[in-house]
Amino acid sequence: MRLAHYLTIGSECTAALSSYLEKLDIAESGWDVRVALSVYGAFSGEDYIKAQKLRNRQIQFHRNIFTKADVIVTPTVGVTAYPILNDALQTGELDYINGAALVRYQIAGNFLGLPAVTVPVGYDKKGLPIGLQFIGRPWSEPTLIHIAYAMQTLCISEYRKPQAFYDLLKKD
């Protein structure tokens with residue numbers, strides 16, 4: 001499913017941005033963008049159709065899960081935050097191993113159009129936040145909000161502000 005998701009997002013992104021990409025000076029882009037555009041450009045129409053068949057199969061698989069369960073519970077991400085490399089500002093972020101781990105559990109919701117919500121539930125040994133994600137059947141947002149609220153209520157006493165914190169909702 002991860003590869004079908006990547007192929008779908010890449011193909012649809014390239015198609016949607018095609019008029020802009022024609023005018024793009026690739027030299028002004030970071031290596032992460034250059035690599036992504038090169039990979040996306042290698043996908044064929046047949047690849048895209050195969051990805052959509054897999055998407056449909058996964059939708060059916062998840063529908064079956066939701067006949068037995070109200071939600072799917074996963075970690076929010078596959079790893080806690082990792083250091084950004086020193087050259088990331090100049091070259092872009094090319095850490096595809098950690099990048100794949102970061103999105104591992106969001107793919108079902110994004111690729112299949114399922115609603116999901118995540119709440120912080122604790123911290124790792126380094127003090128970095130850990131989240132729990134709830135994925136629901138289509139149109140189950142009220143159920144997800146209730147579950148997330150209940151989980152947040154259980155965990156809120158452990159919450160702490162990060163070292164760098166900006167309250168964007170605070171009125172000065």
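Contact means that heavy atoms lie within 4.5 Å. The exercises below concern a predicted model.

**Exercise 1.** Determine how the length of helix H4 compares with the span expected at 1.5 Å a residue.

*Solution.* Helix H4 runs over residues 45-65 and has 21 residues. At 1.5 Å a residue, these should span 30 Å. The end C-alpha atoms of H4 are 30 Å apart, which agrees.

**Exercise 2.** Establish which residues of H4 are buried, on which side they lie, and what covers them.

*Solution.* The buried residues of H4 are Ala-51, Gln-52, Gln-58 and His-62. Because they cover an arc of only 120 degrees around the axis, they are on the same side of H4. Glu-46, Lys-53, Arg-57 and Arg-63 are exposed on the other side of H4. The cover over the buried residues includes H1, strand E1 (71-75) and H7.

**Exercise 3.** Describe the largest nonpolar core and identify the element that gives the most to it.

*Solution.* This core has 11 residues, among them Ala-51, Phe-66, Ile-72 and Ile-135. Helix H1 (2-16) and helix H7 (107-112) are the elements that give two or more residues to this core. H7 gives the most, with 4 residues. Apart from this core lies another, of 6 residues, including Val-71 and Phe-134.

**Exercise 4.** Classify Cys-13 and Cys-155 by their accessibility.

*Solution.* Buried means under 20% relative accessible area, and exposed means over 50%. Cys-13 has 30% relative accessibility, so Cys-13 counts as partly exposed. Cys-155 is buried because its relative accessible area is 10%. The structure holds 0 disulfides.

Methods: Residues numbered from 1 in each chain as written. Predicted model: local features only at pLDDT ≥ 70, side-chain atom pairs only at ≥ 80, totals over all residues. Heavy atoms only, no water. Core = buried A, V, L, I, M, F, W, Y, C linked by side-chain atoms within 4.5 Å. Buried < 20%, exposed > 50% of the residue type's maximum accessible area, 1.4 Å probe, protein only. Disulfide = S-S within 2.5 Å. Expected span 1.5 Å × (residues − 1). Arc of directions from axis to C-beta.
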